[in-house]
Amino acid sequence: MTEREQIEMDVVFVGAGPANLAAALWLKKEIAIHDELVEHGLRHGNKVGDIEIGIVEKGAYVGAHILSGAVMDPIAIRELMPDFLEQGCPVDSVVTEDAFWYMTKNRAFKAPITPPPLKNKGKYIISLSKMCEWLAEKCEEAGINIFPEFPASEVLYDENEKVIGVRTGDKGIDKEGNKKGNFEPGVDLLAKVTVLGEGSRGSLAKQLTARLGLNEGKEAQVFSLGVKELWEIPPGNFSEGKVVHTLGFPSDTKTYGGGWIYGLKNNVISIGYVTGLDYLDPTIDPHAEFQKFKTHPKVAEILKGGKMLKYGAKTINTGGYYTMPRLYADGVLLVGDCASFLNGQRIKGIHTGMKSGMLAAETIIGAFEHGDFTSHTLRHFEEKVNLSWIYDELHPVRNFHAAFQSGRLSALINTGLQFLTKGMAWGFMPKEHHVAGHERMQQINDRHGHTDHSRYANLKFDKETIFDKVTDVFHAGVAHDEDQPSHLRVLDTEVCATKCSEEYGNPCEKFCPAAVYEMEFNAKSGRQELKVNFSNCVHCKTCDVADPYQIINWVTPEGGGGPDYKGM
Ligand SMILES: Cc1cc2nc3c(=O)[nH]c(=O)nc-3n(C[C@H](O)[C@H](O)[C@H](O)COP(=O)(O)OP(=O)(O)OC[C@H]3O[C@@H](n4cnc5c(N)ncnc54)[C@H](O)[C@@H]3O)c2cc1C
């Protein structure tokens with residue numbers, strides 16, 4: 001048995017995204033205020049004192065694995081740090097102009113009024129990766145320990161199923177599973193409270209939710225995939241501060257999807273496309289959908305003469321309020337995207353994620369005050385969420401994504417009605433409400449001629465505007481040591497070579513935006529078999545979500561491996 005060091009902390013945060021960074025910083029600030037009030041007799045209760053706080057992050061540095069649009073609603077950061085601009089928060093631009101385009105194949109119709117949820121004037125265009133790097137500096141200045149290159153690979157429980165911390169991944173294991181010369185066992189980080197803020201489809205959140213049944217009575221989570229490029233374009237092609245959202249081309253009317261273009265400083269734009277991973281047609285390829293979006297004359301005009309700088313892709317949990325798991329259990333809280341705090345209608349989760357972290361911090365102070373880290377005190381987190389502006393924002397859009405599962409037309413009618421009724425569901429909604437994407441994907445033979453095989457026929461990968469997956473992955477700066485076990489655990493590859501091939505045509509080759517999955521002819525067996533190029537993986541988690549048999553399990557690779565999203 002491997003001997004492991006045990007490090008005792010008070011609170012361990014898993015993942016250095018906006019939710020956990022805000023949580024850790026707020027915890028430090030609020031403890032100082034709480035203790036001072038108690039000391040001066042202005043608040044009843046006990047002092048919390050100096051507690052040891054750690055944040056583990058799987059990326060090589062904080063921000064390395066952070067990918068977002070991003071237009072940030074400043075409501076949460078203003079609460080966290082009212083003088084965030086004076087303190088140097090790296091916002092890129094202020095939104096000065098909004099537009100909403102409905103796209104047909106050749107035309108883009110600008111809506112006379114921007115739909116209220118997509119109004120962004122006065123909000124900030126940011127690189128979330130840069131912002132997280134900056135928030136991490138603020139955390140370190142406040143005395144919070146940050147451990148990059150430390151993936152949490154396992155949740156630790158006591159004999160009563162209480163969470164008592166996390167185990168970090170081992171380093172120096174070769175691809176056969178043997179210890180190499182540089183082997184370093186992961187450590188056990190023990191904590192009174194563990195906070196999971198791993199982002200969309202968190203690997204520990206998935207384990208924990210299944211083990212403790214935190215999804216019981218909740219609707220299935222639904223995900224989308226956002227594929228993004230940063231471009232430098234000629235001056236005058238798109239203004240700084242302009243924000244465009246699109247609907248229509250190239251998505252078909254049964255598939256949820258839309259694009260964005262945000263104008264940053266120095267003639268840089270953030271451009272991307274979101275495809276719902278609850279599509280029906282197994283031949284859909286979200287990366288190709290994005291490339292096709294760029295062929296639209298209106299978009300191509302903006303990109304003309306420009307150069308792609310960076311690429312990335314990441315899932316987004318779009319299910320919303322009804323798909324939120326129970327947010328607490330003994331010794332543990334869930335915040336941010338891994339607990340479904342994103343507002344799917346606005347595709348915004350930075351502000352709600354940060355606020356969820358701050359409310360988690362306030363709950364933790366209560367737990368320390370009472371010396372009780374069980375559900376008995378941690379359940380107050382859910383009450384705090386439901387009494388905060390998070391509820392006011394998420395509850396009225398609780399049926400937004402489900403409406404899209406009946407197609408675009410009914411979704412547009414439903415969205416309008418929901419807006420007028422504070423979110424009530426109407427007759428056009430699918431009966432089952434949110435259905436998990438992998439359950440909706442149709443088998444090839446059941447589509448009765450509905451698959452459009454010419455969907456990507458005219459897509460020419462010229463490597464100037466339209467990129468194939470391998471070229472794009474190069475621009476994601478991905479690196480994994482190849483001599484390690486694959487972190488993409490395909491539980492039964494026989495299914496891939498037989499059933500999946502016949503029934504779905506191996507959709508993993510299409511849905512993965514990083515060319516990780518490839519069916520390759522094996523001369524020995526005389527058939528196509530699965531090859532997993534795990535070193536290409538951009539940690540988007542699409543495979544874990546979209547595989548129709550749910551036999552792909554994404555686990556954390558060796559620390560530091562993955563994309564390099566600096567500035568994304
Ligand atoms: C393409 C795209 C566009 C978006 N656009 C916008 C937008 O314009 N505005 C907006 O408000 N929101 C937007 N969002 C949503 C927003 O980015 C998220 O809601 C927000 O980042 C969630 O924050 P988080 O802290 O929960 O998780 P994340 O930002 O995902 O951060 C999680 C962190 O945890 C780390 N981690 C995960 N698992 C482990 C582990 N086991 N061990 C150690 N570390 C781990 C990850 O590496 C990562 O650094 C967008 C998202 C995407 C994908």
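In the predicted model, residues P18, A19, N20, A22, A23, W26, L27, E30, I31 and H34 of helix α1 make contact with I350, G353, M354, S356, G357, M358, A360, A361, E362, I364 and I365 of helix α7. By class, this contact between α1 and α7 comprises 14 nonpolar, five polar and two charged residues. Two packed helices are described by the angle between their axes and by the distance between those axes. For α1, which spans residues 18-39, and α7, which spans residues 350-370, the axes come within 7 Å and cross at roughly 40°, and the crossing is right-handed.

Both of these helices also contribute to the surroundings of the ligand, since α1, β4, α4, β16 (223-232), β20 (307-317) and α7 each supply at least two residues of the shell around it. The residues around the ligand number 43, and of these G17, G199, G226, G336 and G349 come nearest. When the shell is divided by class, 18 of its residues are nonpolar, 18 are polar and seven are charged.

Helix α4, another contributor to the shell, runs over residues 203-212, and its buried residues are S203, L204, A205, K206, L208 and T209. These buried residues of α4 pack against a set of strands, namely β2 (11-14), β10 (152-157), β11 (163-168), β15 (193-196), β22 (332-334) and β26 (552-554). The helix is followed by G213, a residue whose phi is positive, near 65°.

Two of the strands packed against α4, β10 and β11, are themselves paired, for they run antiparallel and are joined by five bridges. Within this pairing, A152 has T168 of β11 as its bridge partner. The two strands form a hairpin with five residues between them, in which E161 takes a positive phi near 70°.

Strand pairing is also seen in an open sheet of three strands, which are arranged in the order β4-β8-β5 with antiparallel pairing. Strands of a sheet pair through backbone hydrogen bonds, and the pairing may be either parallel or antiparallel. The edges of this sheet are formed by β4 (71-72) and β5 (91-94), each of which pairs on one side only. Between β4 and β8, the latter covering residues 124-126, the antiparallel pairing extends over two bridges, and the bridge partner of M72 in β8 is Y124. Strand β4 thus appears in two settings, as an edge strand of the open sheet and as a supplier of at least two residues to the shell around the ligand.

Terms used: Residues are numbered from 1 along each chain as its sequence is written. This is a predicted model: local features need pLDDT of at least 70, side-chain atom pairs count only at pLDDT 80 or more; totals for chains, interfaces and linings use all residues. A residue is buried if 20 or more other C-beta atoms lie within 10 Å of its own, exposed if 12 or fewer, and partly exposed in between; C-beta atoms are placed from the backbone. Helices (H or I, at least four residues) and strands (E, at least two) are DSSP runs, numbered from the N terminus. Two residues are in contact if their C-beta atoms, placed from the backbone, lie within 7 Å. Two strands pair if DSSP finds at least two bridges between them. Axes are lines fitted to C-alpha atoms, for helices over the stretch in contact, and angles run from 0 to 180 degrees between N-to-C directions. A crossing is left-handed if the near helix is turned anticlockwise from the far one by less than a right angle, and right-handed if clockwise. Ala, Val, Leu, Ile, Met, Phe, Trp, Tyr, Cys and Pro count as nonpolar, Asp, Glu, Lys and Arg as charged, and the others, Gly among them, as polar. A residue is near a molecule or strand if its C-beta atom, placed from the backbone, lies within 6 Å of it.
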